[in-house]
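Open the model in your viewer and keep the sequence panel beside it. This tour tells you what to select next and what is there.

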Amino acid sequence: MTLNYISGAEAVIKALVDNEVEVIFGYPGGAVLPLYDALFENKKIKHILVRHEQAAVHAAEGYARSTGKVGCVLVTSGPGATNAITGLTDALMDSIPIICLSGQVPTHLIGTDAFQEADTTGISRPCTKHNYLVKDADKLCEIIHKSFEIASSGRPGPVLIDLPKDIQLSNVKYVNKISKIKKNYNNNSSNIDENLINKVATLLLQAERPIIYGGGGIVNSGPTASKLLTELVDTLDCPVTLTLMGLGCVPNTNKNFLGMLGMHGTYEANLAMHNCDVMLNVGARFDDRVTGRLNAFSPNSKKVHIDVDKSSINKVVSVDYGIVGDCKEILLALVQEIKKLHNQKKIKSKTKWWSQINHWKDRDSLGFKQIGNNIKPQQAIKSLYEQTKNFDTYITTEVGQHQMWAAQYFGFSKPNHWMTSGGLGTMGYGLPSSVGVQIAHPKSLVIDISGEASFLMNMQELSTIVQYKLPIKIFILNNEWMGMVRQWQELNHGSRYSESYTASLPDFVKLAESFGIYGLRVDNINNLEATIDEMINIKGPVIADIRVEKEENCFPMIPSGAAHNEMILSSDDNNKDTSNEGLALV
Amino acid sequence: MSVYQKNEVVEVKTSRTLSLVVDNQPGTLARVIGLFSGRGYNIESLNVTEIDEIRNLSRISLVTRGTSNTIEQIKSQLLRIVPVHIVRDLTLEGPFIKSELALVKLVVKGANRVEALRIAETFRARTLDVTLSSFVFELTGKPSKLDAFIDLMRSLGDTEVSRTGVSAISRGDKTETKLLDQI
């Protein structure tokens, strides 16, 4: 027999190469040894050994989000797979394309409670876009090719492939990737039609108080979508605001950009959302962090929603027009139609709208007073931005106050440069994510803006960073509190700070040194700039322990259960007790 | 309460019959059911069987209840599931037939045996099993007819019931052949 049979494991690796995988993040174990054996021989895929499987998925997310490619993960059975679940859920919530290969006990042992057996497809079913358990070696290649198609098409998401060890060891005939797969794996066919585009374009042109609100879908659609969105904003000369996931889609320097909206968005963005007459949502999903109290959300506007996922339309907010499809195609059609109509119809004057918005801007909702020598966390981010804006800078964050301050005070001029856990809100996301980003962009400046509590959640990845000599800068806003928890306890629970103090912190400088990397510490505002400069100029990885004002709160804020027009700009504004409904909200 | 409080329109919840064509493979049913439990929707009746051996397809007939918004969400969410190919809302599409089969065991002695047989005959139930102290009846038809029959049987003696759940199909010459060919 001279047929080209190879082992299942070799077929898996070959299929990954065919699907243009260059990097895989993983951790070996008993059930994936054949795959690791196949990787050993392979020169085309670089394996990055993480220190925890959750970190493998976050690293792949950072890689995927910063490149637009599919991120790839390899974990073993049982604990390897269960550890990956948080990462997979994170990727599902934020629509990040991930392929996760997990080992499984051999098929004849499935269901016997074998060593390191877990019902991985059962556990991961609700936290993946799709998953497979490969029971038939003949279907192996086809399943892998399909998985890449599923993960990257439509609304992207994670796909898990569970690979029993005997399948990895069996002989299979390699099947090539079919150049074009006919089936639409997302079932939601686009409904773009001229009539609809014309109606929406007319609506936007005739609006007196329009606003565009963009989200992460624009990033997923690719850089063209961001350019088209900016073009649309400039053509209409209308205000634009972005969600946490959408930051960078319109350059922060664009004069029409009002900053982020939502719970910690700017006053002008939220008030403009509340008072607009036409709202165009591009690639966002009316998340509860964005809408505030739903029955008071933008009460007098006509709403248009563009989304690739039909189920996002009318899910929480009823809209007047829903357009299903890839936002770059829809934006292109919309921009062309508006330019065409523009010659016939005059755009309504927005002078009054803009003067109203400028009036809101005058409240300076992101203003803060840097008094004394203590470093205000806001100032730390502002300085970091000022000193890094001439570099090709990628920012990752963990979750909490530091994340919101980063979103508020760091300016993003391009998409794909901002990696954060939005939907799931996973503390410990930023450090492993920065690993993936730095692997994808070895020459760029990658900074993990972190809080001391979040950093502790995945700090084992320092070891990965050191192993691969990744010059990641870890910028810890250290206030010795789980700051956002503390803030909510202050605002909603009578300042009873139950278990939110981060006790027994390590000495971060010594921690850095123990890994053989640089550690810096600063606690005086006068030394902040010098410290940031030093951090940037050091060639290797750095932990910068930025000791900030301990009880600073993150404002402006829409208190839970409140509406866009009920924002508070400081603690002094918080004179209303949170409603019972509000207390129940997260 | 804010001045912006909208008047909440109390929407009527109605019963809807959905007909799904899905891949006949392990996990598909779990995905469909997981969607309902995970997102807090109701399943009133569920029926699953293979319908196409060559293409390896199954049909899920499903009765759910909700406002029209909820039902639209359910349909869009179902379509996101990769092995779900077709989701049809039979209630919305037009006239359709809903049928169910019930097996009803009745433990009964004495005069009530005659009454049980008389009722069974009125309902056109078939008698599948007879002993001196029991019957097993088979009855098909609308769920409401089955309910009525079972209620009557319960008043005659100890019963045990097994029902298939609703199976449904649209009336007229409309078929899914074209949709199926696209799979």
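Two strands pair if DSSP finds at least two bridges between them. Keep in mind that this is a predicted model.

**Stop 1: β6 and β7, chain A.** Select residues 130-133, which are β6 of chain A. Add β7(A), residues 158-164. The two strands run parallel and are joined by four bridges. Now pick H130(A): V159(A) in β7(A) stands opposite.

**Stop 2: the whole sheet.** Widen the selection to the open sheet of six strands in chain A. Read across in the order β3-β2-β4-β5-β7-β6. The pairing is parallel. Which strands stand at the edges? They are β3 and β6 of chain A; each has a single partner strand, so one side of each lacks a neighbour in the sheet. Look for the twist as well: neighbouring strands are turned by 20° against each other on average, direction ignored.

**Stop 3: L49(A).** Go to the edge strand β3(A), residues 46-49, and select L49(A). Is L49(A) buried or partly exposed? L49(A) is partly exposed, because its relative accessibility is 26%, and buried would mean under 20%. Show its contacts beyond four places in sequence: G26(A), Y27(A), P28(A), T464(A), Q467(A) and Y468(A). Then draw a C-alpha to C-alpha distance from L49(A) to L92(A): 23 Å in space, for 43 residues in sequence.

**Stop 4: chain B.** Select L29(B), I33(B), I43(B) and V48(B). Together they make a nonpolar surface patch of about 260 Å². Finish on I43(B), in the loop between α1 (28-38) and β2 (45-52) of chain B. I43(B) is partly exposed, at 32% relative accessible area.

Conventions
Residues are numbered from 1 along each chain as its sequence is written. Chains are lettered from A and ligands numbered from 1 in the order in which they are written. This is a predicted model: local features need pLDDT of at least 70, side-chain atom pairs count only at pLDDT 80 or more; totals for chains, interfaces and linings use all residues. Side-chain values use heavy atoms; hydrogens and water are left out. Patches are made of residues with over 30% relative accessible area and no salt bridge: like charges are joined within 9 Å, nonpolar side chains (Val, Leu, Ile, Met, Phe, Trp, Tyr) within 5 Å. Accessible areas come from the Shrake-Rupley method with a 1.4 Å probe; for residues, only the protein chains shown count as cover. A salt bridge is a side-chain nitrogen of Lys or Arg within 4 Å of a carboxyl oxygen of Asp or Glu. Buried means under 20% relative accessible area, exposed over 50%, partly exposed in between (1.4 Å probe, protein chains only). Contact means heavy atoms within 4.5 Å. Axes are lines fitted to C-alpha atoms, for helices over the stretch in contact, and angles run from 0 to 180 degrees between N-to-C directions.
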